[in-house]
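Please open the model in your viewer, with the sequence panel beside it, and follow the stops below in order. Each stop suggests a selection and then describes what is found there.

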Amino acid sequence: MSNSKSPGERLYAIVEQGLCIGCGLCQAVAGVERLRVTKTLSGYLQPVVEGELDDEIVDCIYRVCPGTRIEGLPRSLLEADTRHDNVWGPWRRIVRAWAGDPEIRFEGSTGGVLTALANYLLASKRVDFVLHVKASTTEPSFGEATLSFDESDVFEAAGSRYGPAAPLVDIKAALARNRPFAFIAKPCDVAALRNYARQDERVDRLVRYMLVMVCGGYGTPQGTNDFFRRVGIDPAQVTALRYRGRGCPGPTRVETGDEAREFHYIDYWGEDETTWALPFRCKICPDGIGEAADIAASDTWIGGGPNRVDSVDDPGTNALIARTRAGEELIAAAAEAGALTLEYDIVPDIMSVYQPHQVNKKYAVWARHQGLADAGRIVPRTEGLRIEQLARDLPDESNDFQRQGTQKRIEIGKATEPTPVASDN
Ligand SMILES: Cc1cc2nc3c(=O)[nH]c(=O)nc-3n(C[C@H](O)[C@H](O)[C@H](O)COP(=O)(O)OP(=O)(O)OC[C@H]3O[C@@H](n4cnc5c(N)ncnc54)[C@H](O)[C@@H]3O)c2cc1C
Ligand code: SF4
Ligand code: SF4
């Protein structure tokens, strides 16, 4: 595909139209000598062109970028007896669980299941390493890609990173090791890796497990700075930020040099969904529930968020959705080995009680994509996510409301980002 825009302009259109989540995959595809995914003046991680780009490379980026393409589970991973829920997608088992080791349950974001599964995968030698995200060593609110080879590496990366993170920036180096590994990330990152699997056969051969957290969206750099200012902290003085974990949700801990202050999850995110400061891409996300993963892990707060009273001594309980046979088998084996404690099985309707915001978005998103089309914007290509079917269940007025809401956002500039300029330029 080519048009009147230059290759660089076409790449930047993804960013400018608010579709980039900063996953890092375009850097891996193009090579760091051509483009770098880095912090830009907007505060986000975004691609910045550094060398010659041609249309062929940009065509490839459009095929793999999770801003432009998001698909459900590959058909080859759907079994005849896999169950399907219109909202929650393919599932084989949904179970409440936590890490068998109390220290991991405590340290983890919710009940530590992703950390426990990563450890089990390494200990059982099913994988050689885990590609996931730990706290950035340079930007206190960001996450950064890391390879974990043992329990202590995995432990260091426990906890949700709500700021920008680019887990796929070095995916080619991970694949070049030619050893089996697991990938733990957000649903859009897994969508990106599944897209990339169509370009690089090593993905399906080497990435043995893809695990995600159910994701309502990540925190905008602006929203995080606003939080710091609300609590009387100068963003420029922050040296470390731990969003949650050490209980459920555990404290939001902000360090400024030698001083540390702790806040509640609600102080960061606000009281409910209406107060979340999210990037535009997250508002039109067709898959926050990790449909392309082997396992998706979530919180189990009724209504979608914690309250200040119950969260004081909540030890943390995840819900685990096994979508593939490999995911289902992994949960059973990890439980058998004591790495996971399984409480009881649940069904998709219970997930909807825990995650009303995911249900709302899944129904609303198709009309939002129509709003993008109305404005001549790039519409992410979707497949296997049932979003049009779900929208048809809604009254026309609801779809019109969502569609017009997106048009309005575009009109007033809330769906537009500036052309990326590296902040270190
Ligand atoms: C941006 C974001 C939005 C979320 N929204 C929801 C939601 O709407 N509903 C819900 O139920 N749960 C949500 N969560 C998930 C929840 O916070 C927990 O991560 C999840 O329940 C897993 O808990 P755990 O105790 O097993 O995690 P842990 O055992 O602490 O493991 C977390 C794992 O996730 C990896 N990780 C952390 N942050 C990132 C990141 N930014 N990108 C890639 N990998 C990362 C870590 O490397 C680690 O391996 C969100 C998490 C994130 C990061
Ligand atoms: S979402 Fe990922 S692949 Fe797409 S432009 Fe952003 S960093 Fe690049
Ligand atoms: S809401 Fe969707 S686009 Fe946003 S971070 Fe989560 S999975 Fe990615």
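**Starting at helix α1**

Begin by selecting Gly-18, which sits just after α1 and takes a positive phi of about 70°. Bear in mind throughout that this is a predicted model. Stepping back into helix α1 itself, residues 7-16, colour Pro-7, Arg-10, Leu-11, Tyr-12, Ile-14 and Val-15, which are buried. Against which elements do the buried residues of α1 pack? Show β2 (45-49) and α3 (55-64), and you will have both of the partners against which these buried residues pack.

**The domains**

Next, colour the chain by its domain assignment, which gives domain 1 as 1-69, domain 2 as 77-220 together with 274-353, and domain 3 as 355-411. The C-alpha centres of domain 1 and domain 3 lie 25 Å apart, and seven residues of domain 1 are in contact with four residues of domain 3. On the side of domain 1 that touches domain 3, the residues divide by class into three nonpolar, three polar and one charged.

**Two ligand sites**

Now select ligand 2 and the 14 residues around it, of which Cys-20, Cys-23, Leu-25, Cys-26 and Cys-65 come nearest. The shell around ligand 2 holds eleven nonpolar and three polar residues, and no charged ones.

Move on to ligand 3, whose surrounding residues include Ile-21, Lys-186, Cys-188, Cys-215, Tyr-218, Arg-281, Cys-282 and Cys-285. Helices α8 (187-197) and α12 (280-283) are the elements that give two or more residues to this shell. By class, the shell around ligand 3 has seven nonpolar, two polar and two charged residues.

**The eight-stranded sheet**

Select the strands β8-β7-β9-β10-β14-β15-β6-β16, which in that order form an open sheet with mixed pairing. Because β8 (143-148) and β16 (340-345) stand at the edges with a single partner strand each, one side of each is left without a neighbour in the sheet. From one strand to the next, the twist averages 30°.

Zoom in on β15, where five of its five residues are buried. Asn-318, Leu-320 and Ala-322 point one way from the strand, whereas Ala-319 and Ile-321 point the other way, and all are buried. This can be compared with the general pattern that, in a regular strand, the side chains alternate between the two faces of the sheet.

To trace the pairing of β15, display its bridges to β6, which number five and join strands that run antiparallel; here Arg-96 has Ala-319 in β15 as its bridge partner. β14 is joined to β15 by four bridges, again in an antiparallel run, and Ala-296 has Ile-321 in β15 as its bridge partner. Continuing outward from β6 (residues 93-99), you will find four bridges to β16, also antiparallel, with Val-95 bridged to Asp-345 in β16.

Then add helix α5 (residues 113-123), which lies across all eight strands, β6, β7, β8, β9, β10, β14, β15 and β16, and runs at about 90° to β6.

**Last stop: Glu-255**

Finally, select Glu-255, which is placed in strand β12 (residues 252-256). Is Glu-255 buried or partly exposed? Glu-255 is partly exposed, because 16 other C-beta atoms lie within 10 Å. Leaving aside residues up to four places away in sequence, Glu-255 touches Thr-239, Ala-240 and Ala-260. Pro-140 is 115 residues apart from Glu-255 along the chain, and their C-alpha atoms are separated by 9.1 Å.

How values were computed. Residues numbered from 1 in each chain as written. Chains lettered and ligands numbered in written order. Predicted model: local features only at pLDDT ≥ 70, side-chain atom pairs only at ≥ 80, totals over all residues. Near = placed C-beta within 6 Å. Nonpolar A, V, L, I, M, F, W, Y, C, P; charged D, E, K, R; others polar. Buried ≥ 20, exposed ≤ 12 C-beta atoms within 10 Å, placed from the backbone. Contact = placed C-beta atoms within 7 Å. Domains from an automatic or database assignment. Pairing = 2+ DSSP bridges. Axes fitted to C-alpha atoms, helices over the stretch in contact; angles between N-to-C directions.
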